[in-house]
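Below are my comments on the model you sent, as numbered points. They cover the sheets, one helix, one chain and one contact between chains.

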Amino acid sequence: MPSLQEMAKKESAFAGGHRMCAGCPVPIFTKMLTRVTDGYEIVAGNATCCLEVASSIFPYSAWKIPWIHTAFENVGASMSGVETMYRALKKKGKITKPYKFIAIGGDGGTYDIGLQSLSGAMERGHDLVYICYDNGAYMNTGVQRSSATPMGASTTTTPAGEQSYGRQGNRKDLSRIMVAHNIGYVAQASIHDPVDLSEKLKKAIELDGPAFINLLSPCIPGWKIAPDMAVEVARLGVETKYWPLYEVIDGVYQINYTPKKEVPVTEWMFLQGRFKHLSNPKYKDVVDAFQKEVERNWNWIVKQEELSELLSGQIN
Amino acid sequence: MSKILAITGAGAMSECMRQINPDVVPAFPITPSTQVIEDFSQFVADGKVDTEMITVESEHSAMSACIGAAAAGGRVMTATSSAGMALMWEMLHIAASMRQPVVMTLINRALSAPINIHADHSDSMGARDAGWIQLYAENNQEAYDNLIMAPKIAENMDVRLPVMVCMDGFIISHCVQTMQLEDDDKVKAFIGEFESTYPVLDTENPATWGALDLQDYYMEHKRAQHMAMKNAKDVIEKVSADFADIFGRKYELFESYRLDDAERVIIAINSVCGEIKEVIDERRENGDKVGLLKIRSFRPFPYKEIAQALAGVKVVTVLDRSESMGAYGPLFVEIRTALFDAPEKPMVYNRIFGLGGRELFMSDIHDIFEENKTYLETGKVEKMFDYLKVRGG
Amino acid sequence: MKEKYKLKDWQDLPIGGVVAEGGNSADYETGTWRTSRPIWMEENCINCLNCWVFCPEDAFILKDGTTKTGKPRKEIESINYYHCKGCGLCAKECPVNKKGKKIAIDYIKEEH
């Protein structure tokens, strides 16, 4: 597991002077991309998103590694192209060093508009790590709902109002969709735990083949939290089991962190302005349903872990 | 060895791709361009090329992967048609603006709806402002020759723009014609090695591709792109001249067929030009001064050269195989623009034909020449715009 | 502003909108965004590097140092206020601060 001391010996992939919001936790992982492995050339690609826009305002770029952005819905495909050209040139002896490729998208560009190109890239087996930083809405365009938006969140296209409690229904579980691609590595990580994140990045990068990391990443304006609160809010997302930290390696589930005590999800929700309206007692049913969904999801993963153990015992 | 062979237009394109042996080919099947990538996939499977194929899940991803692969630092080709290119739409612009020399075979097919798989030019004409160089071909041979020239044009350092090589769906893509297949080594030598610009795989000099431009830089980048397209005109002529020196077949930005003393001229694109030439030959035997101007390069569009070539012509019939609803056909608009400053303007009018593969027979082309003969005699264009061969008039 | 960032004519730009010098955002000042500023208190710092790893601006500058037992390690040297946007995340996540007895990163209103 790369310790902070070990990571500190390596140069960051991402420079200061970018235009992300003050307190945005996204650079926590972009800085890390070159700090978790040894011996690889790292190349990154981005879907259109906050990170993409704020990191590359011409004539400036925060990227100290080669980086390409083409559009919103296609980083899986554009990075498939980059990775394939690497293989083509390597085969011809024009490149000799080992390379690893990273594709980055927000939840809008990954759960929604980019799902097809992500699915294609993973299914074809490119040697590509896809990192989705999930902040639960289209933040770049001003906090519109995505299929990753949690139930009850007020966004600019699902605003809370007299007739609405915000986003209706439950969010999509993209991590499970990625597991269904039968790829070697799928993980959920959180921006509040850089050591766990670095370990997951390392595993994903070192794996030969496609890997997917779904990273909880609070948004200061979108979640309506103070600029110093992103890490704390992410931490509570994990402590309340809203965002379980787990890995699925070759189909085998493993939970990486089990909270020490039961913390109701409201502890996480009511730190955020986007759920504030739900504190009205008339929305008790919504909050209860949210809590129930969190528990159902956690239990499902626990069962998957048990099932994985059972199956691996039988198969082996 | 160079040889004459009978082959479909699509087959000719895949043979040419085999000879070019691009580094990466991302592709997605769509009628009528499917055979291009099917045949090429077989070449890959048989080890006749060392290309890496990416069998993408959509055309949008095909063009996205083309851009990624080209930016990474190698030669990239693909093929598509119609709705496939429509789905690439966003990425066509991005390929051109990011100045990636991707080469694409476009087998022209109508756009839906209603769904129709046959030839017309609504796909490429719709993409005329995407920033791609567009070369058109009357037959297999020309399409094949254009594809040989395409990488040299696209990759020229004064150009660095993507090129689409267009031909008519089914009429050319699926019909067997004889053509000259050039020697593999000669083709390879003509094209030469790929040179990259700021390749993404250069980790020593990490470049950032696809940055955000604000009001302070966007126009300068567009202006530079405009210049590249302007340069492309000279480069197309230069590459075509080099091609003629080596392979013997001579191409210009457009073909002038019996134009010298022509009074009445049809201007058209792609396969219909074959029939028009036949009709012109028949009519010339009877002393009728008719000719054809066949567009090869639609982007860049050779305005001045066309105006010069049409000097002395009295009537011009522009045939468009696509519609720009609520406006004249796209070729007509360009031709009228080209002629606006001509000292003696001919009469110019527009006819839409062949949408969704509707045939235009030689008798129909005779009718066109009869009609423009009347216009010449009366000195008046009766109908500026009309459809040819549509029931109900 | 450095000469190289002065607005250029279209002829003088690299092809296709590419930024040829990756990482040059380091030349761009975001310190002007600050309304509050973190103050690093060396005497109370335990060099856990939490502030360094969490800092979205990569504004914690490190230096080579040693542990009490003489093992080499990276230590905080200073804060780069040219980039620091003053979000306060470092002070919030500082374990010394969290314990509540001492302050290793103070967080104060910016004086303008």
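**Notes on the predicted model**

1. An open sheet of nine strands has the order β10(A)-β9(A)-β7(A)-β8(A)-β4(A)-β3(A)-β1(A)-β2(A)-β9(B), and its pairing is mixed. At the edges are β10 (252-255) of chain A and β9 (208-209) of chain B, each of which pairs on one side only. The model is a predicted one, and the points that follow should be read as values computed from it.

2. Within the nine-stranded sheet, β3 (residues 99-106) and β4 (residues 128-134) of chain A run parallel and are joined by six bridges. To fix the register, G105(A) has C132(A) in β4(A) as its bridge partner. In general, the strands of a sheet pair through backbone hydrogen bonds, in either a parallel or an antiparallel manner.

3. Helix α8 (residues 194-206) of chain A lies across six strands of that chain: β1 (41-46), β3, β4, β7 (185-190), β8 (211-216) and β9 (246-249). The helix runs at about 160° to β7(A).

4. Chain B has an open sheet of five strands in the order β4-β5-β7-β6-β13, again with mixed pairing. Its edges are β4 (77-80) and β13 (297-299) of chain B; each has a single partner strand, so one side of each is left without a neighbour in the sheet. From one strand to the next, the twist averages 20°. Inside this sheet, β6 (residues 133-136) and β7 (residues 163-168) of chain B run parallel, with four bridges between them. The bridge partner of I133(B) in β7(B) is V163(B).

5. Does the length of helix α3 (residues 59-73) of chain B agree or disagree with the expected span? At 1.5 Å a residue its 15 residues should span 21 Å, and the end C-alpha atoms are 21 Å apart, so the two agree. The helix is mostly covered, with 15 of its 15 residues buried. Its N-terminal end is capped by S58(B), where a side-chain oxygen lies 3.3 Å from the backbone nitrogen of H60(B).

6. Chain C has three helices and four strands. Read from the N terminus, its elements run β-α-β-β-α-α-β. The radius of gyration of chain C is 18 Å, whereas a compact globule of 112 residues would have one near 13 Å. The C-alpha trace of chain C spans about 60 × 35 × 20 Å along its principal axes. Of the 112 residues in chain C, 48% are buried. Among contacts in chain C with a separation of 6 or more, 61% come from residues 24 or more positions apart.

7. Which residue of chain C makes a polar contact with the side chain of R235(A)? The partner is E93(C): the two side chains are joined by a polar contact of 2.7 Å. R235(A) sits in helix α10 (residues 230-239) of chain A, and E93(C) sits in helix α2 (residues 89-93) of chain C.

8. The surroundings of this pair can be listed as follows, leaving out residues up to four places away in sequence. R235(A) touches H192(A), E93(C) and K98(C). E93(C) touches V231(A), E232(A) and R235(A) in chain A, as well as N50(C), F54(C) and K98(C) in chain C. K98(C) thus appears in both lists. Is E93(C) buried or exposed? Its relative accessibility is 2%, and the cut-off for buried is under 20%, so E93(C) counts as buried.

Note on methods. Residues numbered from 1 in each chain as written. Chains lettered and ligands numbered in written order. Predicted model: local features only at pLDDT ≥ 70, side-chain atom pairs only at ≥ 80, totals over all residues. Heavy atoms only, no water. Helix = DSSP H or I, 4+ residues; strand = E, 2+ residues; numbered from the N terminus. Expected span 1.5 Å × (residues − 1). Buried < 20%, exposed > 50% of the residue type's maximum accessible area, 1.4 Å probe, protein only. Polar contact = N/O pair within 3.5 Å; in protein donor to acceptor, adjacent residues only side chain to side chain. Pairing = 2+ DSSP bridges. Contact = heavy atoms within 4.5 Å. Axes fitted to C-alpha atoms, helices over the stretch in contact; angles between N-to-C directions. Rg over C-alpha atoms; globule rule 2.2 N^0.38 Å.
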